[in-house]
Amino acid sequence: MQRREFIQFCAASAAATGAPAAVAADARPQFYSRARLVDPSGTPLRASAVPPQRNLIFLYPYASTPCFLLNLGRPAKESAQLLTADKRSYRWQGGVGARRSIVAYSAICAHQLAYPTREISFISYRTEKSARNRIANVIHCCAEHSQYDPAEGARVVAGPAPQPLAAILLEHEAESDALYAVGTLGGEMFNKFFAKYSFRLSLENGEAARRQAAGTCVVHELEDYCRQQVKC
Ligand code: FES
C-alpha cells in the first residue's frame, strides 16, 4: 500500500469522551466503492489544486446523491465528537491534504433534505455573513436556515437540523496528491432521500439514481453544476 493520509476512525470514541449513558451504539463508518475525484475533463484532481473557499460538488456514494468538496483555506479542527439524530456518537477526524483543510459532506440537508439539483440549490458553503447568515464560513441551507460548520464535522450551529451533515470519508494519497472518496460517517439520509424524491430521481436518472459511484467521481463548481443558487 502506498503511503497516504487516511482518516482514522475511533470506534471507542463515546467511551473515550464520557458520552452519556443514554447514547446508543456508535455510528460506524459506512464504506462504499473507492472513487478517485477527477475534474470535468477527467483529469485526476490534486489536493493542492482544490481552490480555497469554493463550492465544489460531486456525486457520491450514489449517482444521484450530491456532496460538497471544500477547501476551507485553513486547517479544519483535528476532530469533533458528534451525535446523529438517533443519538449515535461518532468522532469526525478532520480534513485531509497538506494543510488538512479539505473536507467533504453530503449536500443533503439533515432537516428536510433540500439538496442542490441541476436547476436550483438552497444549500451552499458561505464565507460571508448576511442578514440571515450571521456566522461566516458555514454551509447554510436557505430552506429553513440550518447552518453547519464544515471545519467541525458539519456540526449544526443554527437552525432546525437534528444532526450534522453526513461526512464523506476522503483519502489523500501523499505521493500522487490524489483524492479518493471511500465512504461516509454520521447520519446518512440516503434512504429518506430516495423515498422523498423517488419520482424526480427516476425521471432524471432512471434506474441509475441508486447506482453506486465507482471508479471516478467528477467534481464540478457549484455554478457549473446548478443553474441557480439561492442565497439568503
Ligand atoms: S431543509 Fe434545510 S433547513 Fe430545512
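The following dialogue discusses backbone features and residue burial in a predicted model.

Colleague: What is the usual form of a peptide bond, and which residues does a cis peptide bond join here?

Modeller: In general, most peptide bonds are trans. In this model, Tyr60 and Pro61 are joined by a cis peptide bond, with omega about -5°. Pro61 belongs to the loop between strand 3 (56-59) and strand 4 (66-71).

Colleague: How should one read the sign of phi, and what is the phi of Arg100?

Modeller: Most residues other than glycine have a negative phi. Arg100 is not a glycine, yet its phi is positive, at about 55°. Arg100 is placed in the loop between strand 6 (89-92) and strand 7 (102-106).

Colleague: Where is Ala154, and what is its phi?

Modeller: Ala154 is found in the loop between strand 11 (146-149) and strand 12 (155-158). Its phi is positive, near 65°, and Ala154 is a residue other than glycine.

Colleague: Is Ala154 buried or exposed, and why?

Modeller: A residue is buried if 20 or more other C-beta atoms lie within 10 Å of its own. Ala154 counts as buried because it has 29 C-beta neighbours inside 10 Å. Arg100 has 18 such neighbours inside 10 Å, and therefore counts as partly exposed.

Colleague: Which residues is Ser33 in contact with, leaving aside its neighbours within four places in sequence?

Modeller: With those neighbours left aside, Ser33 is in contact with Gln212, Ala213 and Ala214. Ser33 lies in strand 2 (residues 30-38), and it counts as partly exposed because it has 15 C-beta neighbours inside 10 Å. From C-alpha to C-alpha, Ser33 and Tyr62 are 9.8 Å apart in space, and they are 29 residues apart in sequence.

Notes
Residues numbered from 1 in each chain as written. Predicted model: local features only at pLDDT ≥ 70, side-chain atom pairs only at ≥ 80, totals over all residues. Helix = DSSP H or I, 4+ residues; strand = E, 2+ residues; numbered from the N terminus. Buried ≥ 20, exposed ≤ 12 C-beta atoms within 10 Å, placed from the backbone. Contact = placed C-beta atoms within 7 Å.
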